[in-house]
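Here is a short walk through one protein model. Keep the sequence and the 3D view side by side as you read.

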Amino acid sequence: MKHLSSIAIDVIHRCALQLGTSVDKLVEEFDAGWSPEDHTRGYSRKVVEFVFSKALNVECKYIEEKITDGSFSRFTFDAMLAWEMPSSQDEEPRMECVGKEKEERKIPALLPKEQDEISLFYTDLMPLLVNDEPSVGEDAYVWLATLVPLAADIANGRFTFETLTIPTGNRLFYPGYDRFLKEIDKRLKQLQKQATPKGVEFGDDEFILHVEGTASSQRVVRHIGGTSWPGRLTLTNYALYFEASGTVTYEDAVKINLSKDVRHIIKPAATGPWGAPVFDKAISYESPELPDAIVLEFPEMTSSTRRDHWLALIKEVMLMHQFLSKNEVDCPLQAWEMHARTILGIIRLHAAREMCRISPPDPTKFLIFSLFDELPKGDYVLQELAESLKKINCGHPCSASSILRNMNMPQVVASNIEFKEISQECASPNTPEDIHSSLDSVVNQSIEEAKEIDRAKATTEVLKEEGIGESAAVLMELLKPLKSLMPWFEEVTSWERPITTLTVLMAVLLIIYKEWVGKATAACLLWAVSKMLRARQGRMSEECNEIVVRTRPEQKTTVESIVSAQFGLITVHEMIQIANITILKIWSVMCSRARKQADMVMVTLSGLAIIFAVVPLKYIFMSIVVNHFIMNSRLGNYIENDRGNRRLKEWWDSIPIIPLRIESNATENPQGST
């Protein structure tokens, strides 16, 4: 025990007291299964992990009362400290750092009065900002999540920790951790007190996750077609229920089953008076089972935080059922374990929102499926999660389902006898560390991939902030290498260099005739690779740190800017009109409304079909290439006749378009509210 840190020794003593045994017996039990000969830092940490996991199994049986009196949070927080500093060698640098900080605090800080008041204000506003107490890091927090999925889940524990510790420099202090656990317990009890929707009978494993639209919460309005009605909205781990407000009580609930294997479409929507999409604070739900889309609005004065919160929760439930169906999780307790982990994730989100009312956290950081639905390589994480779920012993005292059961959740999945039988069938001999190590590895890989993508996206933000003029200048600068090639092609095709032109012409004809197009393409690709290798050897990346685009400052008055913008819009409008006319003329020919022109098109297409069917394709391409080179030569200028182009333009102009009538459907589908 000499090599252990003081906090590790204290935690082991408390674990022995909790288990009703002595420290020596626990250490002897651990040593019996420990293979390495040297007692290094790995040994110290493994002792802490072994002893704490045994005591935690007993602690989780009385988790509700221990969260209330703060003993669970103190015990687990100290265990994280002991895991982070298991040996005396780890404790020495920490003690030196703390001593140095205390000495520095004795020196009076010469701060302006204004700055001092601001610092005090933020300390009072956010009691989580503590810097003179021991704190734990991300790895210790994730390690605790592998043992008990209460403060975090192993799948998204790193994201939860990052969100909770933003104001404290990515270090978790005890006051914040204790408050977080108590908020989780409080939110769970509040959800248990919520009334069941009217006319609905819940299943044994259906649990209320969120409710709004009651007298004590903000309004929820349902829109179907042109009708709108306020009511109460309830989300469970199986369905979404809306109860329209009646004169005295609520009407029977309308159920949206989120667990069915059908095509659910849920997306943000905008609502407003007479159907005008003015307020972007609603959710639209569509399903093949519903004749019309259901729009649920969450009115609030400024942002759309409520809408985003509900959207994330509904998506989480839908994605969870898709996950269970896709991975064929047949064991009932394994399916309920995933339900329990999802429920705990949503409760953690509620607790974090209560703690951070000023700046609500991103919902996806606390939700497993919504998070990895967006992250790169998230599908790999979910695949590994499915494999780890099949190895977990759901009857373990510290599993997610056991945590909910020990916190007096009224729903039960099975009786005690069934629970023991099924848990034995679904049990796994693997330890939690073995099960979660591969999952944590895939999660870390996904995090690194996400950071790399974020860094790449950050480099594009500058271009998005540029105006139209600057964007055009950047485009022209980037196209300079291609513009330098154009004169060479013009010289070759216009026979200004006859030898080069003949060489290119013969090479192209030979490639087409010998059908070496694939080989020529491969040669071009290898040439591009050689250019890239030459640029790497020449360290061009060090020279090309940035591209400078020089623009001339334009001194325009307000009227000139408006006129310039107006001409730009006119040009765009003309291009759209030309595109519409072209499409309508093609339709007119295809429908034989212009009979004469349609006959000419059919004869031409028939002739081309015969040519393509009889003549080999390579001869056609060779003819096109020879024709192009001849038409750009002196002989081509002598032969060329503008009559053909003129006749073609006259023929195109003679095609009438199909008559077009534009109607507004506002009168057919009036939008309003009642």
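The paragraphs below cover the cores, one helix and one buried serine.

This is a predicted model: local features need pLDDT of at least 70, side-chain atom pairs count only at pLDDT 80 or more, and totals for chains, interfaces and linings use all residues. Residues are numbered from 1 along each chain as its sequence is written, and side-chain values use heavy atoms, with hydrogens and water left out.

Start with the largest nonpolar core (buried Ala, Val, Leu, Ile, Met, Phe, Trp, Tyr and Cys residues joined through side-chain atoms within 4.5 Å). It holds 98 residues, and Tyr-141 and Leu-150 touch the most other members. Helix α12 (residues 332-355) gives this core its largest share, 10 residues. Helices here are DSSP runs (H or I, at least four residues), numbered from the N terminus. Another core, of 26 residues, lies apart from the largest one. Its members include Phe-372 and Ile-447.

Now look at Tyr-141. Contact means heavy atoms within 4.5 Å. Beyond its neighbours within four places in sequence, Tyr-141 contacts residues including Met-80, Phe-161, Leu-172 and Phe-180. Tyr-141 is one of the buried residues of helix α8. Buried means under 20% relative accessible area (1.4 Å probe, protein chains only). In α8 (residues 138-147), eight of the 10 residues are buried.

Finally, find Ser-446 in helix α17 (residues 432-458). Ser-446 is buried, at a relative accessible area of 0%. Leaving out residues up to four places away in sequence, Ser-446 touches Phe-372, Leu-375, Pro-376, Lys-377, Gly-378 and Val-381. Val-381 and Ser-446 are 65 residues apart in sequence, yet 7.6 Å apart in space, C-alpha to C-alpha.

Note on methods: Buried < 20%, exposed > 50% of the residue type's maximum accessible area, 1.4 Å probe, protein only. Helix = DSSP H or I, 4+ residues; strand = E, 2+ residues; numbered from the N terminus.
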